[in-house]
Amino acid sequence: MNCEIDGEMENQVEQEDKRRLINQVLELQHTLEDLSARVDAVKEENLKLKSENQVLGQYIENLMSASSVFQTTDTKSKRK
């Protein structure tokens with residue numbers, strides 16, 4: 001009878017260990033899903049910012065080419 005009790009206790013301990021491991025795996029899966037979603041969001045934001053930077057860069061280039069302040073370097077080099 002003592003062997004049966006020991007066997008049942010071992011079985012309960014094994015079951016509890018399995019439940020704990022399953023819970024840990026599930027928690028890690030959720031964490032991984034959250035991190036993956038965050039990475040996707042950051043990638044999307046990065047693409048938006050790159051696009052905005054290109055637009056701003058083009059805008060600045062257009063302003064510089066339209067401004068006489070930035071065109072004076074060209075006329076000085078032609079005079080020499």
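In the predicted model, a nonpolar surface patch of about 610 Å² is formed by Tyr59, Ile60, Leu63, Met64, Val69 and Phe70. Two helices contribute to this patch: helix H1, spanning residues 2-66, and helix H2, spanning residues 68-79, each provide at least two of its residues. The largest contribution comes from H1, which supplies four residues. Phenylalanine 70 belongs to helix H2. The relative accessible area of phenylalanine 70 is 46%, so this residue is classed as partly exposed. That value also satisfies the requirement for patch membership, because patches are built from residues with over 30% relative accessible area that take part in no salt bridge.

The patch is set within a simple secondary structure: the protein comprises two helices and zero strands. Of its 80 residues, 0% are counted as buried, a class reserved for residues with under 20% relative accessible area. The accessible surface of the protein amounts to about 7900 Å², of which 57% is supplied by carbon and sulfur atoms.

Part of helix H1 coincides with an annotated segment. An unreviewed UniProt entry lists residues 18-52 as a "coiled-coil region". In the model, the chain over residues 18-52 is 100% helix and 0% strand, and the C-alpha atoms at the two ends of this segment lie 51 Å apart.

Charged side chains were examined next. The count of salt bridges comes to three, where a pair qualifies if a side-chain nitrogen of Lys or Arg lies within 4 Å of a carboxyl oxygen of Asp or Glu. One of these pairs joins glutamate 16 to arginine 19, with an N to O distance of 3.6 Å. Both residues lie in helix H1 and are three residues apart, so about one helical turn separates glutamate 16 from arginine 19. Glutamate 16 is partly exposed, with a relative accessible area of 39%, and arginine 19 is likewise partly exposed, at 47%.

A salt bridge also links the side chains of aspartate 17 and arginine 20, at an N to O distance of 2.9 Å. These two residues are again three positions apart in helix H1, and therefore about one helical turn separates aspartate 17 from arginine 20. Aspartate 17 has a relative accessibility of 30% and is counted as partly exposed; arginine 20, at 44%, is assigned to the partly exposed class as well.

The remaining pair consists of lysine 48 and glutamate 44, whose closest N and O atoms are 3.9 Å apart. This distance falls within the 4 Å limit, so the contact is accepted as a salt bridge. Here the spacing in helix H1 is four residues, which means that lysine 48 and glutamate 44 are separated by about one helical turn. Lysine 48 is partly exposed, its relative accessible area being 47%.

Technical notes: Residues numbered from 1 in each chain as written. Predicted model: local features only at pLDDT ≥ 70, side-chain atom pairs only at ≥ 80, totals over all residues. Heavy atoms only, no water. Patch = residues over 30% accessible without salt bridge, like charges linked within 9 Å, V, L, I, M, F, W, Y side chains within 5 Å. Areas by Shrake-Rupley, 256 points an atom, 1.4 Å probe, with all protein chains shown as cover. Buried < 20%, exposed > 50% of the residue type's maximum accessible area, 1.4 Å probe, protein only. UniProt positions renumbered as here; feature names shortened; annotations may be inferred.
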